[in-house]
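Subject: Structure handover

Hello,

Here is the structure we discussed handing over. My notes on it follow below.

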Amino acid sequence: MSKILDYIKNIPILSGDSSFAQLIRTYVVGAFNLIIGLILNYIFQFFIFSNIDIPLRTYLTNTGSFLIGVVISYFLSRKIIFKLASKDGSYKEFFNFIFTNLINLIIPLFILIIPLFIWYLIDIYRPTIQENELHFLVATVLIHSSILPIKYLVYKFFVFKDSLES
């Protein structure tokens, strides 16, 4: 496992400090966050909140996954995307990160479509998607992967700006 990680760390497109390398690392972190989020979504949707009626169950699932995932994502973004020490972040930076992610969850940011808004639309037009495990998984992957480039730009120029300049 260590050899695989060393190999991955030495791939030029992943190890560089260019914006393109950072964007590629954003997708790597996003993929990891997606896996964690899918696991949390599955656990919440089909086990923890299974006795709660849809659509409330889906809203609670997404909110719970968000709260846990945003903390994990903050540390991964600092360490992997921007190559900053995980423990050196400021409270201001952490709150900017949370605020930025709340924007992604609650209201549109330019052309960003909010996951909860999309789930609301799904509930109106195709509520059965929320009941089928495979359809729920596919919809979650599509929703969250579409916002990664915008999140990267916001993180770089708003959240981690001070740390990157020092």
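**F94 and its surroundings**

F94 counts as buried, at 19% relative accessibility; the cut-off for buried is under 20%, so F94 falls on the buried side of that limit. Please keep in mind that this is a predicted model. F94 is found in helix α5. Leaving aside neighbours within four places in sequence, F94 is in contact with V71 and Y74. The C-alpha atoms of F94 and V159 are separated by 7.8 Å, while the two residues are 65 residues apart along the chain.

**Aromatic residues**

F94 also belongs to an aromatic cluster, which is formed by Y74, F75, F82, F94, F95, F97, Y152, Y155 and F160. The structure holds 15 aromatic pairs. In one of them, F97 with F160, the ring centres are 6.0 Å apart and the planes stand at 50 degrees, so the pair is tilted. The reasoning is that planes under 30 degrees apart would count as stacked and planes over 60 as edge-to-face, with the rest tilted. F97 lies in helix α5 and F160 in the loop between α8 (148-159) and α9 (161-165), so this pair ties together parts that are 63 residues apart in sequence. F97 is buried, with a relative accessible area of 0%. F160 is buried as well, and its relative accessible area is 0%.

**Two residues in contact with the cluster**

S73 lies in helix α4 and is buried, with a relative accessible area of 8%. Not counting neighbours within four places in sequence, S73 is in contact with N33, F97 and Y155. Of these partners, F97 and Y155 are named in the aromatic cluster above.

T26 lies in helix α3. At 3% relative accessibility, T26 counts as buried. With residues up to four places away in sequence set aside, T26 touches I81, L148 and Y152. Y152 is another member of the aromatic cluster.

I36 lies in helix α3 too, but I36 is partly exposed, with a relative accessible area of 24%. I36 and T140 are 104 residues apart in sequence, and their C-alpha atoms are 12 Å apart in space.

**Backbone points to check**

Two places in the backbone are worth a look.

- The peptide bond from I54 to P55 is cis, with omega near 15 degrees. P55 is found in the loop between α3 (19-48) and α4 (56-81).
- K83 has a positive phi, near 55 degrees, and is a residue other than glycine. K83 is found in the loop between α4 and α5 (91-106). K83 is partly exposed, with a relative accessible area of 40%.

**The chain as a whole**

What is the chain built from, in terms of helices and strands? The chain has 9 helices and 0 strands. From the N terminus on, the order of elements is therefore written α-α-α-α-α-α-α-α-α, in which helices are numbered from that end. The radius of gyration of the chain is 17 Å, close to the 15 Å that the globule rule gives for 166 residues, so the chain is as compact as a globular protein of that length. Taken along the principal axes, the C-alpha atoms fill a box of roughly 50 × 35 × 25 Å.

How much of the chain is made up of buried residues? Of the 166 residues, 40% are buried. Contacts between residues at least 6 apart in sequence include 63% that join residues at least 24 apart. The pairings of F97 with F160 and of S73 with Y155 were described above.

The accessible surface of the chain comes to about 10000 Å². Carbon and sulfur atoms account for 71% of that surface. As for charge, the chain has 13 positive and 10 negative charges, and the mean positions of the two sets are 8 Å apart.

Regards

Terms used
Residues numbered from 1 in each chain as written. Predicted model: local features only at pLDDT ≥ 70, side-chain atom pairs only at ≥ 80, totals over all residues. Heavy atoms only, no water. Helix = DSSP H or I, 4+ residues; strand = E, 2+ residues; numbered from the N terminus. Rg over C-alpha atoms; globule rule 2.2 N^0.38 Å. Buried < 20%, exposed > 50% of the residue type's maximum accessible area, 1.4 Å probe, protein only. Contact = heavy atoms within 4.5 Å. Areas by Shrake-Rupley, 256 points an atom, 1.4 Å probe, with all protein chains shown as cover. Lys, Arg positive; Asp, Glu negative; His and termini not counted. Charge placed at Lys NZ, Arg CZ, Asp CG, Glu CD. Phe/Tyr/Trp six-rings, centres within 6.5 Å; stacked < 30°, edge-to-face > 60°.
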